[in-house]
Amino acid sequence: MSNNVNQITEEKIILLAKKDRKHFKALYTKYFEQIFLFLLRRSENEDLAQELTQQTFIKAMLNIESFEFKGFPFSSWLYRIALNELNLFYRANKKKRFISIEADALPELSEEIPTEEDFRFSNENLIRALNVLSEGELTLLEMKFFEKRSHNEIGEILGISVANAKVKLHRVIKKMRDFMQNA
Amino acid sequence: MHNQIMSEENKYNIKVNPKEPSKEEIRKRMDFEGAFKAYTHKAYRTPFSKFKRHAPKNRKISMLIILAIIVSILVFTENDEGNKNLKEDKIERYNHNQENLDTLKLD
């Protein structure tokens with residue numbers, strides 16, 4: 001119930017922000033931390049994460065007219081802009097991408113990569129296997145295992161269907177397993 | 001366990017258990033005024049907003065352009081009608097001359 005009420009008030013704020021961007025402040029305050037941490041996990045330092053977060057909100061303010069309520073939360077739209085900003089940054093600066101890993105998440109990832117002999121991979125091997133993934137594949141894996149997002153949420157952020165997100169994730173895990181078994 | 005795996009063979013820089021700033025530290029980094037300023041600066045640089053900003057001056061120029069278009073259309077159609085009349089005149093004169101010639105031949 002309260003979630004629904006929040007959504008209605010958020011919709012109202014978005015409509016107000018479409019008319020006057022000063023109303024965007026409420027959305028900025030609400031989502032700054034989430035977007036900042038999302039970018040910090042993928043960037044070199046806090047200053048860079050802050051800069052990219054600011055860019056994300058500036059782009060959001062510039063393009064809020066194009067945001068439509070299609071059942072997706074506003075945060076998914078912001079995450080998508082943040083991802084685009086991050087990709088633009090790495091492409092422009094030709095730097096290596098940063099990945100943040102929670103060590104606690106590695107056993108769970110290892111369980112997701114089943115082998116014929118029920119073998120559990122070491123953390124080092126798992127980390128090494130991340131290097132065979134493309135940036136898109138890595139983004140999927142990051143969201144699922146290190147940020148514990150649902151398939152639904154991943155689909156919303158990446159602009160793909162839930163089924164597609166599941167299939168893609170399955171392929172990523174298969175790719176990692178093949179690499180580790182052959183290594 | 002807080003380390004960073006960085007080597008030449010690695011495609012990515014991998015941070016394991018990175019330190020996250022506190023909520024207070026994140027809050028200090030919030031700057032809506034700055035973002036809003038940057039937004040207005042960017043928004044005002046688009047051609048449409050430039051047009052909107054100079055609306056009174058643009059209105060006069062637009063009126064002048066529209067007036068010039070209307071005048072040129074009128075002049076063009078007037079010329080066209082004049083040309084048509086000239087052609088009709090010529091045809092009429094030609095027919096009249098032909099008739100005169102025919103009557104002369106008959107005589």
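Here are some notes on this two-chain structure, which is a predicted model.

1. Start with chain A. Its secondary structure adds up to 9 helices and 1 strand. If you walk along from the N terminus, the order is α-α-α-α-β-α-α-α-α-α, so to speak a long run of helices interrupted by a strand.

2. How big a box do the C-alpha atoms of chain A fill? Taken along the principal axes, it is roughly 60 × 40 × 25 Å. Chain A has 183 residues, and 31% of them are buried.

3. Have a look at which parts of chain A meet each other. Take the contacts between residues at least 6 apart in sequence: 61% of these join residues at least 24 apart.

4. Chain A is split into two domains: domain 1 covers 2–93, and domain 2 covers 105–182. Their C-alpha centres are 26 Å apart. How many residues of each domain are in contact with the other? There are 5 from domain 1 of chain A and 5 from domain 2 of chain A. On the domain 1 side, that contact has 3 nonpolar residues, 1 polar and 1 charged.

5. Now for chain B. You'll find 4 helices and 2 strands here, and along the sequence they follow the pattern β-β-α-α-α-α. Both strands therefore come before the helices in that pattern. Of the 107 residues in chain B, 4% are buried.

6. Next, the place where the chains touch. Chain A puts in 26 residues, and chain B puts in 26 residues. On the chain A side, helix H2 (25–40), helix H3 (46–63), strand S1 (97–101) and helix H6 (123–130) each supply at least two residues. Which element of chain A gives the most? That would be H3(A), with 7 residues.

7. What sort of residues does chain A bring to chain B? Sorted by class, its side of the contact has 15 nonpolar, 4 polar and 7 charged residues.

8. Don't skip the strands at this contact. S1(A) pairs with strand S2 of chain B, residues 12–16, and the pairing is parallel, over 5 bridges. To find the spot in the 3D view, pick Ile99(A): opposite it stands Ile14(B), in S2(B). Remember that S1(A) is also among the elements supplying at least two residues to the side of chain A that touches chain B.

Definitions and conventions: Residues are numbered from 1 along each chain as its sequence is written. Chains are lettered from A and ligands numbered from 1 in the order in which they are written. This is a predicted model: local features need pLDDT of at least 70, side-chain atom pairs count only at pLDDT 80 or more; totals for chains, interfaces and linings use all residues. Two residues are in contact if their C-beta atoms, placed from the backbone, lie within 7 Å. Ala, Val, Leu, Ile, Met, Phe, Trp, Tyr, Cys and Pro count as nonpolar, Asp, Glu, Lys and Arg as charged, and the others, Gly among them, as polar. Two strands pair if DSSP finds at least two bridges between them. A residue is buried if 20 or more other C-beta atoms lie within 10 Å of its own, exposed if 12 or fewer, and partly exposed in between; C-beta atoms are placed from the backbone. Domain bounds come from an automatic or database domain assignment.
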